[in-house]
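Q: I'm new to this one, so please keep it friendly. Give me a close look at what lines the largest pocket, with enough background to place it.

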Amino acid sequence: MPTASTDEGHIASSESDLSFVSKIENEEGSALRACLQCGACSSVCPVSGFMDYTPRQIVGMARSGLSERLLKSKAIWYCASCYACTEVCPKKIPITEIIHALRRETIARKTYPKRFAPPLLTRSFHGVTASRGRSNDGLVMLHTYLREKPLKHLGMIRIAGKLWLKGRLELLPDAVKNRADFSRLVNGSTERVDGAKEVGS
């Protein structure tokens, strides 16, 4: 089986998904192939020390089509969205936006690490906001803990009680008046975005 060597190790030809490269570039209007692999992005990233792949490696892997490795990594979820990498990139590659696109793809494919809090928190926030029209800390944390560590709830009961007594936790979460209209608005926006992509393609 043909292979190539990179910083990320040997890449088998069967592992490289070039349609994934095109998809990310089309979504963000970026030129992944223009990356110089200079490492400026990694040098300014405040959380690169916690990542399994640095920002430079993430861009390198994305342009090599290593979707399976990227979409299962924790690195893209550690990004603080500070845009420091984008600011210093000599090719002006929107690295932060690329990482956001990778997160969306990971959520769509459900390939994120199991019981890993950041993607579960993102899913919970989106689900609560989309269904109620407003965010609610209690519901977001409830959904996140149920997916991450269900028994963790037991240790949070006392804290929840204290927050409720201080008026920081609502028993009846707020919502927009007409949730059905809001859902149609959200779904309609999605349809318009999809339609715009089809026209432009």
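A: Contact here means heavy atoms within 4.5 Å. By that count, residues 24 or more positions apart account for 58% of the chain's contacts with a separation of 6 or more. Before going on: this is a predicted model, where local features need pLDDT of at least 70 and side-chain atom pairs need pLDDT 80 or more, while totals for chains, interfaces and linings use all residues. Numbering starts from 1 along each chain as its sequence is written, and side-chain values use heavy atoms, leaving out hydrogens and water.

The chain has 11 helices and 2 strands (DSSP runs, H or I of at least four residues and E of at least two, numbered from the N terminus). Going along the sequence, the pattern is β-β-α-α-α-α-α-α-α-α-α-α-α. Of its 201 residues, 35% are buried (under 20% relative accessible area, 1.4 Å probe, protein chains only).

Now to your pocket. A pocket is an open set of points on a 1 Å grid over the protein atoms alone, where a 1.4 Å probe fits and protein lies on both sides within 12 Å along at least five of seven lines; a lining residue has an atom within 4 Å of a point. The largest one has a volume of about 410 Å³ (the space filled by probe spheres set on the points, joined across faces, edges and corners). It's lined by 18 residues, and G138, M141, L142, A160 and L169 lie nearest its centre. Two helices, α9 (137-148) and α10 (152-165), are the elements giving two or more residues to that lining. By class, the lining splits into 12 nonpolar (Ala, Val, Leu, Ile, Met, Phe, Trp, Tyr, Cys, Pro), 3 charged (Asp, Glu, Lys, Arg) and 3 polar residues (the others, Gly among them).

For contrast, take the second largest pocket, which holds about 310 Å³ of space. Its lining is made by W77, H100, R103, R104, I107, T122, R123, H126 and G127, with α7 (95-109) and α8 (117-132) each supplying at least two residues. Sorted by class, that's 2 nonpolar, 4 polar and 3 charged.

The loop between α7 and α8 holds T111. Beyond its neighbours within four places in sequence, T111 is in contact with L71, K72 and T106.

One last stop is α3 (residues 55-63): 8 of its 9 residues are buried, so this helix is largely enclosed by the rest of the structure. Among those buried residues are P55, I58 and M61. Just after α3, G65 has a positive phi of about 75°.

Note on methods: Buried < 20%, exposed > 50% of the residue type's maximum accessible area, 1.4 Å probe, protein only.
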